[in-house]
There are 2 protein chains.
Amino acid sequence: MKYAVILAGGWGERLWPMSRRERPKQLLELVGEGSLVAQTLARVAPLVSVEDSLVLTGAALRDRMIEELEPIPPARIVGEPVGRNTAPAIALAARVLAAEDPDALFVVLPADHVIRDTDAFRRALAVAFEAADSERALVTLGIRPTRPETEYGYIKAGAPGAADGVFEVESFVEKPDRETAGRYLLDGGYHWNSGIFIWRADVFLAEVERHLPEVAAALEAVEGEPGTVRFEAGIERFYGEAPAVSVDYGVMEKADHVVVVPCEIGWDDVGAWPALSRIWPTDEAGNVVEGQAIVLDSEGTVVYSEEGLVAVVGLSDVVVARTAGATLVCPKDRARDVRAVVEELKRKGLTEGG
Amino acid sequence: MKYAVILAGGWGERLWPMSRRERPKQLLELVGEGSLVAQTLARVAPLVSVEDSLVLTGAALRDRMIEELEPIPPARIVGEPVGRNTAPAIALAARVLAAEDPDALFVVLPADHVIRDTDAFRRALAVAFEAADSERALVTLGIRPTRPETEYGYIKAGAPGAADGVFEVESFVEKPDRETAGRYLLDGGYHWNSGIFIWRADVFLAEVERHLPEVAAALEAVEGEPGTVRFEAGIERFYGEAPAVSVDYGVMEKADHVVVVPCEIGWDDVGAWPALSRIWPTDEAGNVVEGQAIVLDSEGTVVYSEEGLVAVVGLSDVVVARTAGATLVCPKDRARDVRAVVEELKRKGLTEGG
């Protein structure tokens, strides 16, 4: 059987103050109908057993996720007591699914990405599931680049794989500088690392044994069925012991048989404010204006107001975002530094703004 | 006797959204104790007959001004049914004072300026009153420039006058461009036009007769004592008939005997947002930060928050101002264009923000 494993930890801090700890990015309705996380599930629902799928989220967000992902039983929406990055979360899901179904195949889905072409996505997923099952490969979806993006990791594709549409992964490449990203774009052999992975539960667990023995050891604590007291206690111990490590660094870069399915699915991770220029309509001067705003003699701005009026005069390529509790102003090319604001808020013991 | 005539119309729209129609600039406490208008009165109180002084303000603001200027009797705080610029307002005050006291001397004071050196101001005023009385001159205070300001009009001083510290006015000069302002600064003979005028009521009325006959004709309607029904009815007719004209253009530029008292009194008209960099403390990067704010890697900014948090990252020389109802963002060198925002708000029928 096939399952979805939705990773809904984190809160999208680079989209602060639109996203914030108590209203994280995956709960926002950025495009289309419904929250990003609800759309994430709806997109794969026809391909997987929804009732047996799993969601990993922050303990504080679990109740909201239960509401939002109603077809998934509450027992299968796991609240992580602490975040340990992606590898432990996926390993935990693999252990649960493998115990229930020795042939379990699953797709790992970040809860807060936009995918506009659902049909193309499902087609790519079908190819990926096939490769994951028949070749026992670790499969990743690679997004064909459309711009020299410096905020994503890249996957360099190698030789064609056994099936159509599948390529061996030659290497994973860190976020490049602008010039390198330009070369990747022209080269054609590089794909954006989408963070969407497909594999058999048993195959992934074997890779965890080999490359992340501490995670594998911690997994021993996880026993019983989700929702039982025994399971909950195991989760507590697991998250107490497992080291924080990403699946990219901990597994993908080290495993032998890793393949990529290149695809064009209208994907965007909406990682930071400038992404809204890509997913929301712009005026003739390239401004995105959402909410009550007056934007004069400005170009390429992202102006967002949830409450109250925002007036912007004579500025280019800045982000101005107003919520009931906070206003952010920064140039688009400094949008990643919104993290520093969030850090500073934490340091000062200030709330994140309403 | 000496009197003050305080001009408290207008609301300081270039300081929007900090100032707004229902909370105009003259009611803000920008520096020192109390509102700008209360400080305006306190500054001259020892030199004039406070109970017989006059205030001209917008009809909608009259009640607030009565509170704010408590030593002045309510009857002497005149609500203008419509704004007609400065010449009619001052002519009206001159008519009232001349009727009460044929030797009335008065100082015209804008209600929303900052003057930090009260002693120097009072000394300059004493010189000005003397010249206004003994020479029957129209006297203006000229501020010694400290920077090549392009937002002020200038007064070119000519030959020394009869008394120490008084000079004939050679000409009034419109707002100059940067280069010209630089020359004025070096020249030493140019002074900022402060909008503070001193003269005898009868002398001013005679100038109005000569240069503004329409205003003089409209003045005929003004009869009776302030506070009486007859007076109020006259005011209505006067403002209905008088043309809108500034005292600078309508009288000062045309009158014969105009003199200037150059002075250094810590004057600032706080005309627009960048002025706050001059009157409020700055951090080592030249940022002015007022209210709850996080300002990272930015210089020369003016960041103001009345409510909620403002976060600014990676920007230079911008103004960011947040109130309960609105956020303004613009470069300092576009600060005069805040007017365009206010126009746009009016056009769209939006409120000015809370």
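Turn chain A by 180° with 0.0 Å of shift along the rotation axis, and it superposes on chain B with an RMSD of 0.1 Å. (That fit is done by least squares on the C-alpha atoms of residues with pLDDT of at least 70 in both copies.) The two copies are thus related as by a two-fold rotation axis. The same surface serves both of them: 100% of the contact residues of chain A recur in chain B. Here, two residues are in contact if their C-beta atoms, placed from the backbone, lie within 7 Å.

Before going on, keep in mind that this is a predicted model, where local features need pLDDT of at least 70, side-chain atom pairs count only at pLDDT 80 or more, and totals for chains, interfaces and linings use all residues. Residues are numbered from 1 along each chain as its sequence is written, while chains are lettered from A and ligands numbered from 1 in the order in which they are written.

Let's start with chain A by itself. Its secondary structure comes to 11 helices and 17 strands; these are DSSP runs numbered from the N terminus, with helices (H or I) of at least four residues and strands (E) of at least two. The radius of gyration of chain A is 21 Å, close to the 20 Å from the globule rule for 354 residues, so chain A is as compact as a globular protein of that length. (The radius is taken over C-alpha atoms, and the rule is 2.2 Å times the number of residues to the power 0.38.) Of the 354 residues, 51% count as buried, meaning that 20 or more other C-beta atoms lie within 10 Å of the residue's own, with C-beta atoms placed from the backbone; 12 or fewer would make it exposed, and anything in between partly exposed.

Chain A also splits into domain 1 (2-268) and domain 2 (273-348), with bounds from an automatic or database domain assignment. Their C-alpha centres lie 29 Å apart. Where they meet, 10 residues of domain 1 are in contact with 16 residues of domain 2. On the domain 1 side, the touching residues divide into 7 nonpolar, no polar and 3 charged. For that count, Ala, Val, Leu, Ile, Met, Phe, Trp, Tyr, Cys and Pro are nonpolar, Asp, Glu, Lys and Arg are charged, and the others, Gly among them, are polar.

Now for the place where the chains meet. There, 28 residues of chain A are in contact with 28 residues of chain B. Among the elements of chain A that each supply at least two residues are β15 (309-313) and α11 (338-348), but β17(A) gives the most, with 6 residues. The chain A side divides into 19 nonpolar, 5 polar and 4 charged residues. Strands pair across this boundary too: 4 bridges join β15(A) to β17 (residues 326-331) of chain B, and the two run parallel. DSSP has to find at least two bridges for two strands to pair. One partnership to look for is A:Val310 with B:Thr327.

Finally, look inside chain B at strand β6 (residues 138-143), where 6 of 6 residues are buried. B:Leu138, B:Thr140 and B:Gly142 point one way, B:Val139, B:Leu141 and B:Ile143 the other. β6(B) is joined to β10 (residues 258-263) of chain B by 6 bridges, running parallel, and B:Thr140 stands opposite B:Val260. With β9 (residues 190-200) of chain B, β6(B) has 4 bridges and runs antiparallel; there B:Gly142 has B:Asn193 as its bridge partner.
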